[in-house]
Amino acid sequence: MILRSALLARFDWLEHGFGTRHAPVTQDQMASLKQIHSAIVLDASLPGCVGEGDALVTAQSSLAVSVRTADCYPILLADSRTRIVAAVHAGWRGTTAGIVRTAITAMAAMGSVTEDIYAAIGPGIGRCCFEVGEEVARRFGLDGRGNIDLAAANRALLMETGVPEANIDVLGGCTRCDAVRFHSFRRDQQRAGRMISYIRAV
Ligand SMILES: [Zn+2]
């Protein structure tokens with residue numbers, strides 16, 4: 001089972017998917033990353049591991065860019081005009097470091113205009129399950145320990161960069177609550193698998 005965004009599915013030149021624990025997706029023919037919870041965005045031109053970072057951007061048609069997640073959020077970006085695409089891995093560290101903003105900046109440097117960018121935020125750990133301590137909570141503007149909504153935080157970052165609200169799709173679903181569909185690091189710890197999300201212009 002692969003989840004798709006109805007918003008991105010509108011584009012017939014675009015292929016994308018958010019893997020679940022029942023998805024036969026491999027990264028073999030895709031550009032991938034050694035993910036390190038950073039705000040580093042890399043430009044991909046070939047399949048295989050591009051290096052250490054947490055977002056991949058490409059202007060190359062037929063090349064899929066991909067990320068692996070289990071609670072962190074996969075975010076897929078596509079420019080409807082230039083057909084530049086990006087895949088982002090955003091946990092709380094990447095979110096506070098503004099990785100999705102850095103990915104948009106990288107797309108802009110390649111010729112994108114933010115009004116043309118469409119974004120789909122895939123399934124990750126929901127606010128229901130993402131309780132954090134005081135130190136992390138403070139980075140999200142809370143006074144004490146509390147629950148963080150990473151999907152909402154990334155949606156806000158996208159809107160701050162100028163992506164129109166109507167161009168942002170939040171798929172929803174909590175990876176920790178829904179053990180039938182999703183892997184979750186918080187729930188399964190070291191036994192947790194990873195889900196692969198990808199996007200490419202065909
Ligand atoms: Zn939950």
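The following paragraphs lead through the predicted model, from the whole chain to its sheets, helices, core and two loop glycines.

Because the model is predicted, local features need pLDDT of at least 70 and side-chain atom pairs count only at pLDDT 80 or more, while totals for chains, interfaces and linings use all residues. Residues are numbered from 1 along each chain as its sequence is written.

The protein chain holds 5 helices and 14 strands; helices (H or I, at least four residues) and strands (E, at least two) are DSSP runs, numbered from the N terminus. Its radius of gyration is 16 Å, close to the 17 Å that the globule rule gives for 202 residues, so the chain is as compact as a globular protein of that length. That radius is taken over C-alpha atoms, and the globule rule is 2.2 Å times the number of residues to the power 0.38. Along the principal axes, the C-alpha atoms fill a box of roughly 45 × 35 × 30 Å. Of the 202 residues, 44% are buried; a residue is buried if 20 or more other C-beta atoms lie within 10 Å of its own, exposed if 12 or fewer, and partly exposed in between, with C-beta atoms placed from the backbone. Among contacts with a separation of 6 or more, 62% join residues 24 or more positions apart. Two residues are in contact if their C-beta atoms, placed from the backbone, lie within 7 Å.

One open sheet has 6 strands in the order β1-β2-β14-β7-β3-β5, with mixed pairing; two strands pair if DSSP finds at least two bridges between them. Strands β1 (2-3) and β5 (48-52) stand at the edges with a single partner strand each, so one side of each is left without a neighbour in the sheet. The partnership of β5 with strand β3 (residues 30-34) is parallel and runs over 3 bridges, and within it alanine 31 has glycine 48 as its bridge partner.

Another open sheet of 6 strands follows the order β4-β6-β9-β8-β10-β13, again with mixed pairing. Its edge strands, β4 (41-43) and β13, pair on one side only. Neighbouring strands here are turned by 15° against each other on average, direction ignored; such angles run from 0 to 180 degrees between N-to-C directions, and axes are lines fitted to C-alpha atoms, for helices over the stretch in contact.

Within this sheet, strand β10 (residues 117-121) has 5 of its 5 residues buried. In a regular strand the side chains alternate between the two faces of the sheet. On β10, Ile117, Ala119 and Ile121 occupy one side and Tyr118 and Ala120 the other, and both faces are covered. Strand β8 (residues 73-79) runs antiparallel to β10 and is joined to it by 5 bridges, with aspartate 79 paired to isoleucine 117 and leucine 76 opposite alanine 120. Strand β13 (residues 168-170) pairs with β10 in the parallel sense over 3 bridges, and there alanine 120 stands opposite aspartate 169.

Helix α2 (residues 99-109) has Ile99, Val100, Thr102, Ala103, Ile104 and Met107 as its buried residues. Just after this helix, glycine 111 takes a positive phi of about 120°. Two packed helices are described by the angle between their axes and the distance between the axes. For α2 and α4, the angle is about 35° and the axes are 8 Å apart. Val100, Arg101 and Ile104 of α2 make the contact with Asn154, Leu157, Leu158, Glu160 and Thr161 of α4.

What do nonpolar side chains tend to do in soluble globular proteins? They tend to be buried together. Here the largest nonpolar core has 53 residues, of which Val65, Leu77, Ala86, Ala87, Val88, Ala103 and Ala119 touch the most other members. Such a core is a set of buried Ala, Val, Leu, Ile, Met, Phe, Trp, Tyr and Cys residues joined through C-beta atoms within 7 Å. Beyond its neighbours within four places in sequence, valine 65 is in contact with residues including Met30, Ala31, Leu56, Val85 and Ile199.

Two loop glycines complete the picture. Glycine 144 lies between α3 (134-139) and β12 (146-147) and counts as exposed because it has 8 C-beta neighbours inside 10 Å. Glycine 162, between α4 (150-161) and β13, counts as exposed with 12 such neighbours. Its C-alpha atom is separated by 5.5 Å from that of threonine 114, 48 residues away along the chain.
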